[in-house]
Amino acid sequence: MGQYTPMIQQYLKVKAEYPDAFLFFRLGDFYEMFFEDAINASQELEITLTSRDGGSEERIPMCGVPYHSAPGYIDILVGKGYKVAICEQTEDPKQAKGVIKREVVQLITPGTMMEGKGLTDKENNFIASLTVFEDNCFGLAYADLSTGENRVTIIEDRFETVVNEIITIGAREVVVHSDFSEDFKLKLSERSTLTFSIEEDTSLKQEYAPLLTSLQDKRHHAAVNRLLNYLNRTQKRSLDHLQKVSAYMLHQFMKMDYYSKRNLELTETIRSKGKKGSLLWLLDETKTAMGGRMLKQWIDRPLLSMDGILLRQTHVDAFLANYFEREDLRDHLKEVYDLERLAGRVAFGNVNARDLIQLKYSLQQVPVLKSIMESIGKGSLEELTATLDPCEELQDLLERSLIENPPISVKEGGIIQDGFNEDLDRYRDASRNGKKWLAQLEQEERSRTGIKSLKIGYNRIFGYFIEVTKSNLQHLEEGRYERKQTLANAERFITPELKETEALILEAEEKSVDLEYELFKQVRETVKEYIPRLQSLAKVISELDVLQCFATVSEKRHYVKPVFNHKRKMIIRDGRHPVVEKVMNAQEYVPNDCEMDSEREQLLITGPNMSGKSTYMRQIALTAILAQIGCYVPASEAVLPIFDQIFTRIGAADDLISGQSTFMVEMLEAKNAITHATEQSLILFDEIGRGTSTYDGMALAQAIIEYIHQYIGAKTLFSTHYHELTVLEKELPKLRNVHVSAIEQNGKVVFLHKIKQGPADKSYGIHVAQLAELPPKLIQRANEILLTLENMDQPKAELNVRPVPEIREAGPLEQLSLFDEPKKTKKELTSKERKIVEELKSIELLEMNPLQAMNVLYELQKKLKG
Ligand SMILES: Nc1ncnc2c1ncn2[C@@H]1O[C@H](COP(=O)(O)OP(=O)(O)OP(=O)(O)O)[C@@H](O)[C@H]1O
């Protein structure tokens with residue numbers, strides 16, 4: 001290190017403390033990066049890589065960004081999952097002896113962003129900490145630094161549950177002990193892009209003790225302390241806005257694993273991973289960013305407590321019964337600023353006067369919201385309304401102190417109203433009068449000299465001056481004017497009077513700007529004291545927003561209030577898939593019923609491809625979820641049990657990342673459902689078993705159905721292409737066949753999308769092939785083959801006697817009328833035909849899917865026709 005210049009040595013010392021972050025090293029107006037950081041940053045940020053002499057033989061790689069445009073670059077790096085350490089000059093360069101002192105003032109990481117593009121209005125940005133206890137218990141704590149939300153839970157379950165929870169909250173950064181298992185890290189990283197950070201210290205810092213007062217369990221403390229200590233160490237500033245930590249338990253909410261949430265497209269779609277097309281997108285009629293975030297949290301955590309659900313329902317009822325008040329409320333909610341994030345920025349000290357003006361507008365809405373709510377005033381809504389806190393004194397302060405349209409900068413004046421502070425008024429008088437004095441002085445000089453074009457101007461270098469054009473110079477009194485500057489056709493002068501007036505004005509202006517900044521800081525400090533009240537206010541407003549949103553959607557889309565029962569009964573009349581219905585236009589969507597109870601626990605759904613089996617299954621799960629978050633549901637009548645868990649296996653080309661075959665994933669998920677489901681659960685299995693050879697898959701599917709029927713009793717919807725399974729209805733008393741109907745019109749299939757009792761009688765695979773425009777000859781041939789196969793079908797009931805259906809001999813195939821020519825006996829066959837028959841015999845039908853079989857047939861036929 002000795003060979004480097006003192007500044008580079010300083011850089012290396014700081015960098016050693018932040019090895020896993022890009023170090024933004026402040027040099028004058030730039031943040032510079034050196035060595036590896038420079039090489040990597042120049043690639044990631046697409047900026048020029050240069051080099052500088054640093055005392056060593058080789059030049060040091062360097063790249064930099066101007067400090068005023070740094071936030072954009074920091075956004076990019078942090079968005080890619082990197083950390084950025086901001087190292088500032090902490091002493092005045094003029095006073096520095098030797099190298100200027102520098103220190104890291106903040107570490108910005110994916111989980112600790114406070115502003116910028118990385119933050120989405122309607123989404124939280126959580127940073128989590130994970131602590132492993134004995135017996136494989138996990139403490140999960142998480143906080144949103146931008147809003148101050150702060151939670152903790154203990155997971156006494158598999159690590160998979162921890163992964164689910166971290167993905168559900170959408171954490172982007174996880175803080176762990178340095179010994180944390182690499183295997184666990186891998187499992188977490190497989191599912192989402194996460195940044196890991198280290199914090200060993202789980203001891204309590206006294207300043208945070210008030211946040212932890214409601215926590216009884218020691219493990220809660222350890223988990224939360226790890227997180228708080230990390231935030232404290234990296235943020236190096238006030239965390240006053242962090243709210244009291246609230247503990248929760250996972251079993252308070254309906255359980256759904258990551259796959260199920262994804263399959264059901266609750267908050268993002270499978271294909272685009274965006275919000276559009278998800279249940280959240282459909283429901284989001286919230287008017288505030290805070291409400292939007294709460295809605296997402298509610299969708300992620302449907303309730304299990306009947307009381308909790310009914311309470312939300314009552315609120316929704318009240319909003320539904322009062323259309324005009326609701327619309328009025330919506331209009332006013334629109335004017336409410338993001339109070340939670342504002343509170344966070346107040347605590348961090350980076351709000352400007354414009355933010356506080358927004359706060360003022362928001363607070364002005366509160367009495368209005370309150371009076372609208374009071375006019376609705378029914379039952380429990382009154383309780384919520386009563387907690388709307390207008391923070392009157394704060395509102396009053398903001399109204400008196402800040403001017404309406406302040407500039408962004410808080411250090412250049414122009415933000416505090418006249419009449420708010422006497423000293424400020426006095427300075428302002430001086431500076432306003434000063435301008436008057438200058439105008440007077442200008443007038444006097446003009447009369448004295450008789451020069452009409454004489455004017456008083458200002459420049460930064462020597463302040464106020466008197467400007468006279470060259471042609472008028474002779475009119476100036478000798479000795480009175482001191483020359484300061486010569487221009488092409490004018491000269492600039494000063495006089496003692498001018499300088500005196502100038503001193504008065506500048507002093508007043510400077511003092512008033514300084515005082516304004518001081519006054520602004522005082523206002524900001526006062527706002528800081530209101531942070532907890534603002535946060536509580538934000539909670540109530542968010543809740544009102546989500547509840548009005550439920551009412552708005554329910555009314556707009558003609559939803560009905562679900563009725564709950566403890567008898568595991570489920571009746572859905574005219575149920576619809578909420579999102580498909582919206583996308584395709586309500587008139588076209590075919591509504592469907594679903595009836596299940598303790599005598600009818602399993603539905604085996606058959607029907608052609610594309611008829612709507614998956615849609616039907618999904619709509620039932622979404623109906624249950626909507627009901628349990630307290631919203632109305634897309635149906636004309638709904639009687640529902642409260643589901644404790646929802647499991648889905650709905651085909652999608654997922655999980656290629658984890659290196660497992662689709663079939664393996666299918667089996668793992670089946671296992672997951674079978675191991676954890678209870679009588680109170682809902683299971684959706686879409687064509688389980690199709691990923692393997694026909695009989696294998698069918699056998700497994702049947703065994704799974706039987707197992708759930710006999711040992712679990714969960715409500716199960718099972719769609720299948722194996723028509724053979726429909727005979728199970730005879731054996732399994734709680735299983736019913738239903739099918740999605742289709743009709744043939746003019747030789748084409750028309751999907752009715754209607755669920756009917758009983759099994760489907762026909763597979764319409766060939767029609768789908770026709771829709772896919774396979775050659776007409778081929779379609780015709782497939783129809784002939786189908787007819788033959790159907791004619792030779794054995795009574796299906798037999799299948800159920802043997803769990804694995806009997807594999808037919810190849811023999812009967814010889815009798816098929818495969819060819820249009822008259823039947824021939826073996827003797828009469830030509831050698832070519834014999835060869836083809838042999839080929840036919842050797843075909844492993846069970847290894848093929850129908851399309852492959854058709855291809856082979858087509859080839860054989862082509863050979864025959866020769
Ligand atoms: N009830 C309905 N009313 C109107 N259209 C529907 C309905 N249900 C489904 N559809 C339409 O039919 C399409 C196919 O539905 P879905 O994917 O559920 O079929 P599927 O039977 O599961 O098909 P596959 O067996 O090929 O997986 C959907 O994209 C939707 O547009």
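**Exercise 1: the nonpolar cores**

State how many residues the largest nonpolar core has and which residues have the most contacts inside it.

*Solution.*
Step 1. The largest nonpolar core holds 115 residues. A nonpolar core is a set of buried Ala, Val, Leu, Ile, Met, Phe, Trp, Tyr and Cys residues joined through C-beta atoms within 7 Å. Buried residues have 20 or more other C-beta atoms within 10 Å of their own, exposed ones 12 or fewer, and partly exposed ones fall in between, with C-beta atoms placed from the backbone.
Step 2. Phe 550, Ala 621, Ala 624 and Ile 683 have the most contacts inside the core.
Step 3. The element that gives the most to this core is helix α18 (residues 531-556), with 12 residues. Helices (H or I, at least four residues) and strands (E, at least two) are DSSP runs, numbered from the N terminus.
Step 4. Another core, of 28 residues, lies apart from this one and includes Phe 126, Val 152, Ile 166 and Tyr 230.

Two conventions hold throughout. The model is predicted, with local features requiring pLDDT of at least 70 and side-chain atom pairs pLDDT 80 or more, while totals for chains, interfaces and linings use all residues. Residue numbers start from 1 along each chain as its sequence is written.

**Exercise 2: residues of helix α18 and strand β17**

Is Val 553 buried or exposed, and which residues is Phe 493 in contact with, leaving aside its neighbours within four places in sequence?

*Solution.*
Step 1. Val 553 is found in helix α18. Val 553 counts as buried because it has 21 C-beta neighbours inside 10 Å.
Step 2. Leaving aside neighbours within four places in sequence, Val 553 is in contact with Leu 283 and Glu 285. Contact is taken as C-beta atoms, placed from the backbone, within 7 Å of each other.
Step 3. Val 553 and Asn 585 are 32 residues apart along the chain, with 15 Å between their C-alpha atoms.
Step 4. Phe 493 is found in strand β17 (residues 490-494). With 19 other C-beta atoms within 10 Å, Phe 493 is partly exposed.
Step 5. Outside four places in sequence, the contacts of Phe 493 are Phe 465, Ile 466, Val 468, Tyr 481, Glu 482, Arg 483 and Lys 484.
Step 6. A separation of 66 Å lies between the C-alpha atoms of Phe 493 and Ala 209, which are 284 residues apart along the chain.

**Exercise 3: helix lengths and packing**

Compare the spans of α13 and α28 with the expected values, then say what the buried residues of α13 pack against.

*Solution.*
Step 1. The expected span of a helix is 1.5 Å times one less than its number of residues.
Step 2. Helix α13 (residues 353-376) has 24 residues and reaches 35 Å from its first C-alpha to its last, close to the expected 34 Å.
Step 3. For the 16 residues of α28 (residues 850-865), the expected span is 22 Å, and the end C-alpha atoms are 22 Å apart, which agrees. Just after α28, Gly 866 has a positive phi of about 55°.
Step 4. The buried residues of α13 include Leu 356, Leu 359, Leu 363, Val 366 and Met 373. An α-helix has 3.6 residues a turn, so residues three or four places apart point the same way.
Step 5. The buried residues of α13 pack against α11 (323-333), α12 (339-348), α14 (380-386), α15 (392-401) and α17 (496-529).

**Exercise 4: positive phi**

Where do Asp 135 and Asp 574 lie, and how exposed is each of Asp 135 and Asp 574?

*Solution.*
Step 1. Most residues other than glycine have a negative phi. Asp 135 has a positive phi of about 60°, and the phi of Asp 574 is near 50°.
Step 2. Asp 135 lies in the loop between β7 (126-133) and β8 (137-144). Asp 135 is exposed, as 6 other C-beta atoms lie within 10 Å.
Step 3. Asp 574 lies in strand β19 (residues 570-575). Asp 574 is partly exposed, with 15 other C-beta atoms within 10 Å.

**Exercise 5: the ligand shell**

How many residues surround the ligand, and which helix supplies the largest share of the shell?

*Solution.*
Step 1. The ligand is surrounded by 15 residues, the closest being Asn 609, Gly 612, Ser 614, Thr 615 and His 753. A residue is near the ligand if its C-beta atom, placed from the backbone, lies within 6 Å of it.
Step 2. At least two shell residues each come from α19 (578-584) and α20 (613-628). The largest share, 3 residues, is that of α20.

Note on methods
Contact = placed C-beta atoms within 7 Å.
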